[in-house]
Amino acid sequence: MAYPATVRAIEAELARLAAVHPDLCTRTIVPNRSHEGREISFLTVGAGAAGGGRPVLITGGIHAREWAPPDALLSLLDRLLRAYEAGTDFVVPAFTDTAPARDIVYPEAAIAAADVRRIVERVQLNVLALVNPDGRAFSQSAPANAMWRKNRRPGRAGAGCMGVDLNRNFDLAWDFERYYNDAGEAAVSASNDPCDFQVYVGPSAASEPETRNVAGILRERRVAFYVDVHSFSRKILHPWGMDDNQTRDPDRSFRNPAFDDRRDGGLGGPYGEFIPPDLLDEHVIIGTAMRDAMLGGAGSDPRARVRSAYDLEPGLALYPTTGTASDFAASLQFVDDPPAQRVIAYTLECGNDTDGEGGFQPVPAIYPKIEREVHLALMAFLLAAAA
Amino acid sequence: MQLVRIAGPTEPMRRLGEVAGLDFERTSARRVGEDRWQVSGYATDEALATLRERGLQIESVVEPEDLGAQRSLLFGKLDDDHAREA
């Protein structure tokens, strides 16, 4: 399957993987078709007893225009399954970037066969590689549509503006006008305008079938480790994105309506969102392992290393975000009944605007560099989940 | 359209969502100084004019002709794939 894959090629590859590795993986059709009627499926990989193992979910393609993540997730599955069946290392091939004046070589990297075995036998790995097939199909239909981000929810009476930003549609701080004060509302990366090209939150929380598919897997499988893969900015983001983190006051929480219309959504502002200190520490430890895996995979050439340096930081920077998949996943450990187990959740923003990496749509010549970073980061993440 | 980096003080940078013709990646926001941020995005000529009117600094990362060439390459491959799938 050559990058960039079409929507049909992605579904075909999922079916092929399930057919070639029937003892190791299962393909499941999710309950909700897309607005345009597309069937969506995910693979579950695991050799643990009766499909047991710690439940992990990795998603990609929530944003239509981010073309690299779904492809990288499918090749991750292919390499993982082949390595496990052969009893070999998971090998990330060497890559040479020939675009700079002097070639940059990224050496071969390997994850030991014993670690591959540990992952496949201790983790129930669920991969929904393409959450938003309608959006991707539209984004890939013509250059003028390449920047499409949302799904393809029809406009009102078939005439209004189309699409919802699925990564603002999850049921966490979705009603941002109620959630924030005026300053937070002005800064938040969210909109109630269906014609907003980027961040329309939808008519209600979890209104979109694609959102409900992800939320359903998170809840039904009681997912404990989650990564949502996006592009671009070479970052690993951990909770929270709605507001600045604080570890002292559990009452300052998204669950507490006493702070509605009072949250500021800013760095260093008067309101901070509570995250238990040990949960924050665990996110930093695992996120650091992901970051170090990508950096280590770059070898010794300083040019390769600087191009493989990802930042690990909380989701909030300049713009607070509401209704995102990864924050929603993390929120479940505080709100579900019965209480969910501990949830570790990240957004991985792969690739970059510079160094010829192409932003949302890298060209095929540089794609292997981005793919290898995704694989190295996610294998480190999976090893943490298998521990 | 071109891929650019936009830099400026916090308040105008927080209002980039209002700029028509600008598709920026919010997670690319980096603090580059006291009360100063940088964000990457794709901007039309109209959007660039608006950003300049607001006093924001623009750095071109991928020029329009290079972005066009990249898109031609990608859509050439996709067109072939779509034709095979039809």
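**Strand S10 of chain A, the nonpolar cores and the sheet of chain B**

In this predicted model, the residues of S10(A) are all buried: Lys235(A) and Leu237(A) point one way from the strand, and Ile236(A) and His238(A) the other way.

Trainee: Which residue of S13(A) stands opposite His238(A)?

Mentor: S10(A) pairs with strand S13 (residues 311-314) of chain A in the parallel sense, over four bridges. Within this pairing, the residue of S13(A) opposite His238(A) is Pro314(A).

Trainee: In which sense, parallel or antiparallel, do S10(A) and S14(A) pair?

Mentor: Strand S14 covers residues 344-349 of chain A, and three bridges link it to S10(A). Leu237(A) stands opposite Thr347(A) in S14(A). The sense of this pairing is antiparallel.

Trainee: Which elements give two or more residues to the side of chain A that touches chain B?

Mentor: The contact takes 26 residues from chain A and 23 residues from chain B. By class, the side of chain A that touches chain B has 13 nonpolar, nine polar and four charged residues. The elements that give two or more residues to this side are helix H1 (7-20) and strand S10 (235-238) of chain A.

Trainee: Which helix gives the largest share of the largest nonpolar core?

Mentor: The largest nonpolar core has 132 residues, and those with the most contacts inside it include Leu77(A), Ala377(A) and Phe381(A). Its largest share is 13 residues, and these come from helix H11 (residues 367-386) of chain A.

Trainee: Leaving aside neighbours within four places in sequence, with which residues is Leu77(A) in contact?

Mentor: Leu77(A) is among the residues with the most contacts inside the largest nonpolar core. Once its neighbours within four places in sequence are left aside, the residues in contact with Leu77(A) are Leu17(A), Leu43(A), Val45(A) and Val127(A).

Trainee: How many residues has the other core that lies apart from the largest one?

Mentor: Among the members of this other core are Phe95(A), Ile104(A), Ala298(A) and Ala304(A). The number of residues in this core is five.

Trainee: Which are the edge strands of the open sheet in chain B?

Mentor: The open sheet of chain B has four strands in the order S2-S3-S1-S4, with antiparallel pairing. An edge strand pairs on one side only, and the edge strands here are S2 (22-33) and S4 (57-62) of chain B.

Trainee: Which residue of S3(B) stands opposite Glu25(B)?

Mentor: Strand S3 (residues 36-43) of chain B pairs with S2(B) in the antiparallel sense over seven bridges. In S3(B), the residue opposite Glu25(B) is Ser40(B).

Technical notes
Residues numbered from 1 in each chain as written. Chains lettered and ligands numbered in written order. Predicted model: local features only at pLDDT ≥ 70, side-chain atom pairs only at ≥ 80, totals over all residues. Pairing = 2+ DSSP bridges. Contact = placed C-beta atoms within 7 Å. Nonpolar A, V, L, I, M, F, W, Y, C, P; charged D, E, K, R; others polar. Core = buried A, V, L, I, M, F, W, Y, C linked by C-beta atoms within 7 Å. Buried ≥ 20, exposed ≤ 12 C-beta atoms within 10 Å, placed from the backbone.
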